[in-house]
Amino acid sequence: AENKLWGGRFKEGTNELVEEFTESVSYDKRLAPYDIAGSVAHVKMLEKQGILTSEEADKIIKGLNEILEEIERGEFKWKKELEDVHMNIEKRLTDKVGPVGGKLHTGRSRNDQVATDVRLYVRKEIKEILDLLKGLRRAFVKQAEENLGVIMPGYTHLQIAQPVLYSHHMLAYYQMFKRDAERFEDTLKRVNVSPLGSAALAGTSYPLDREFTAKLLGFSQVTRNSMDAVSDRDFVAETIFDCAMVMMHLSRLSEELILWSTQEFNFIELPDAFCTGSSIMPQKKNPDVSELTRGKTGRVYGDLVSILTTLKGLPLTYNRDLQEDKEPLFDAIDTVKIALKVNTLIVEGMKPKAERMRQQASKGFSLATDLADYLAKKGVPFREAHRIVGQLVAYCLDKGKDLSQLTVNEFKKFSDKFEEDVLDLMSLEGSVASRKVIGGTSPERVKEEIERIKEEEGF
Ligand code: ARG
């Protein structure tokens, strides 16, 4: 047990299979820059408090900085028998600077150390995700702005319902990713709290200045209960949830893009660079990126269930189970980041097929609601108007006609409230333009909304 930093009380070496089973360095080594930043802050504070001499502190900090360079150059030798990123770095430090390296861990435990590292990592990643979300929102606004005249069918139950602007549809996605960003920003408030100084679970008898390390590390607060601080992984679960929500939104988008690029819909041309071919069918252009986005959403949901399940049975305070927080966290973050990147490029590159969308928008009696509203505005109770138009639709189905092909006389057979002007109503532009309510699809409103968003986002 001599080679272990905690080996003092042990008579026998660790079983090899146990080393293999308990190690985390193979994946937590990505926390190294945060681990070193946390250690440097801790040492500066120990010096300020007179717990370390300046000479000792300088030696340790110099050693830590050299280790960071070794890691960045890919020269650092990670050892599984040293369990995790923390002990790999601490061991290397004592090898480099001698016994003084052993003073680094004064007043600290791996329990508050790992909690600090993960918070610093999550903070950095959330900021990157926020930038990626903004880029994606920008792409939707650009699609909306560049295709303002395009009318498409809006659906409910995947049945043609009412005509809408393609731009309005794009801005619906804008809203989803805006909420996702707000969610991450809110999570960030609970992430950016320093657990350092909580030590193993009870705090420490050393006169540590927790506010000082928090400030050095850019945390906005310190945790208020040492037992909670070392065992709280709410912020991990929350972050994964936020990732899962983004994936769910990307998956809905993907499903629509997959549908829209079928020959049956034929609403959109996806950029070639984001589709793949078939090894047997030469004509194929498959929306694999969208399919994989939809597929990977399942993985991230798995990550969420994984962390929640890991946490549910844990007594206070730290338990080794908590080491299992990292792989789902890393996986969710890695997946959401690459998914946001590729999907932003898809949204930037996709081209709506305006003619085809328009053609489909007039199908399915999509102007039936406008007819019912027309009657209602002439005093017919809406329920009655609804019934009359329903009969008109049945009549059309019977005759194999569309509403737009009916004559005024045919209209009049169903209600004497119908007049010449009903024919003007039968246009997609008129229908869309009439939906002027706030949040509605009229071009007027959609343009205003684009302007409002550009102003707010600085696009
Ligand atoms: N690798 C451990 C983790 O990820 C670090 C903390 C270990 N603490 C302990 N008391 N064994 O949670």
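How many residues of the shell around the ligand are nonpolar, how many polar and how many charged? The shell divides into three nonpolar, three polar and four charged residues. Keep in mind, as you go through the views below, that this is a predicted model.

**View 1. The shell around the ligand.**
Let us start with who is there: the residues around the ligand are Ser24, Asp28, Asp84, Arg110, Asn111, Val114, Tyr318, Arg320, Leu322 and Gln323. Helix 6 makes the largest contribution to this shell, giving three residues. Both domains take part as well, since the shell draws at least three residues from domain 1 (7-106) and at least three from domain 2 (111-151 + 165-259 + 297-348).

**View 2. Two domains and the contact between them.**
The domain assignment of the protein chain gives domain 1 (7-106) and domain 2, and the second of these is written in three pieces, 111-151 + 165-259 + 297-348. Taken over C-alpha atoms, the centres of domain 1 and domain 2 are separated by 27 Å. Where the domains touch, 18 residues come from domain 1 and 20 residues from domain 2. On the side of domain 1 that touches domain 2, the elements giving two or more residues are helix 2 and helix 3. Helix 3 gives the most to that side, with nine residues. That side of domain 1 is a mixture of seven nonpolar, six polar and five charged residues.

**View 3. Helix 3, mostly covered.**
Take a closer look at helix 3, where 12 of the 17 residues are buried. The buried ones are Ala32, Tyr34, Asp35, Ile36, Gly38, Ser39, Val40, Ala41, His42, Val43, Met45 and Leu46. What do the buried residues of helix 3 pack against? Their partners are helix 4, helix 5, helix 6 and helix 8 (210-216). You can also check the length of the helix: at 1.5 Å a residue, the 17 residues of helix 3 should span 24 Å, and the end C-alpha atoms are 24 Å apart, so the two values agree. Just after helix 3 comes glycine 50, with a positive phi of about 75°.

**View 4. Helix 5 and its cover.**
Helix 5 covers residues 85-97. Its buried residues are Val85, His86, Asn88, Ile89, Glu90, Arg92, Leu93 and Val97. Among the elements that cover these buried residues are helix 2 (25-28), helix 3 (32-48), helix 4 (54-72) and helix 6. The length check works here too: at 1.5 Å a residue, the 13 residues of helix 5 should span 18 Å, which agrees with the 18 Å between its end C-alpha atoms. Glycine 98 sits just after helix 5 and takes a positive phi of about 85°.

**View 5. The largest nonpolar core.**
This core has 92 residues, and the members that touch the most others are Phe140, Ile240, Cys243 and Val336. Helix 6 (residues 110-146) is the top contributor, with 14 residues. Why does this core lie between domain 1 and domain 2? Both domains give residues to the core, so it lies between them. For a look at one member, pick isoleucine 240: leaving aside neighbours within four places in sequence, isoleucine 240 is in contact with Asp303, Leu304, Ile307, Pro328, Leu329 and Ala332. There is also a second, separate core of 12 residues, which includes Leu367, Leu371, Leu403 and Leu406.

**View 6. Backbone details in three loops.**
Our last stop is the loops. The peptide bond from leucine 316 to threonine 317 is cis, with omega near 0°, and threonine 317 lies in the loop between helix 11 (288-312) and helix 12 (326-349). In the loop between helix 4 and helix 5 you will find glutamate 83, which has a positive phi of about 70° although it is not a glycine. Is glutamate 83 buried or exposed? Glutamate 83 counts as buried because it has 22 C-beta neighbours inside 10 Å. Asparagine 266 also is not a glycine, and its phi is positive, near 55°. Asparagine 266 belongs to the loop between helix 10 (234-260) and strand 5 (268-269). With 15 other C-beta atoms within 10 Å, asparagine 266 is partly exposed.

How values were computed:
Residues are numbered from 1 along each chain as its sequence is written. This is a predicted model: local features need pLDDT of at least 70, side-chain atom pairs count only at pLDDT 80 or more; totals for chains, interfaces and linings use all residues. A nonpolar core is a set of buried Ala, Val, Leu, Ile, Met, Phe, Trp, Tyr and Cys residues joined through C-beta atoms within 7 Å. A residue is buried if 20 or more other C-beta atoms lie within 10 Å of its own, exposed if 12 or fewer, and partly exposed in between; C-beta atoms are placed from the backbone. Helices (H or I, at least four residues) and strands (E, at least two) are DSSP runs, numbered from the N terminus. Domain bounds come from an automatic or database domain assignment. Two residues are in contact if their C-beta atoms, placed from the backbone, lie within 7 Å. A residue is near a molecule or strand if its C-beta atom, placed from the backbone, lies within 6 Å of it. Ala, Val, Leu, Ile, Met, Phe, Trp, Tyr, Cys and Pro count as nonpolar, Asp, Glu, Lys and Arg as charged, and the others, Gly among them, as polar. The expected span of a helix is 1.5 Å times one less than its number of residues.
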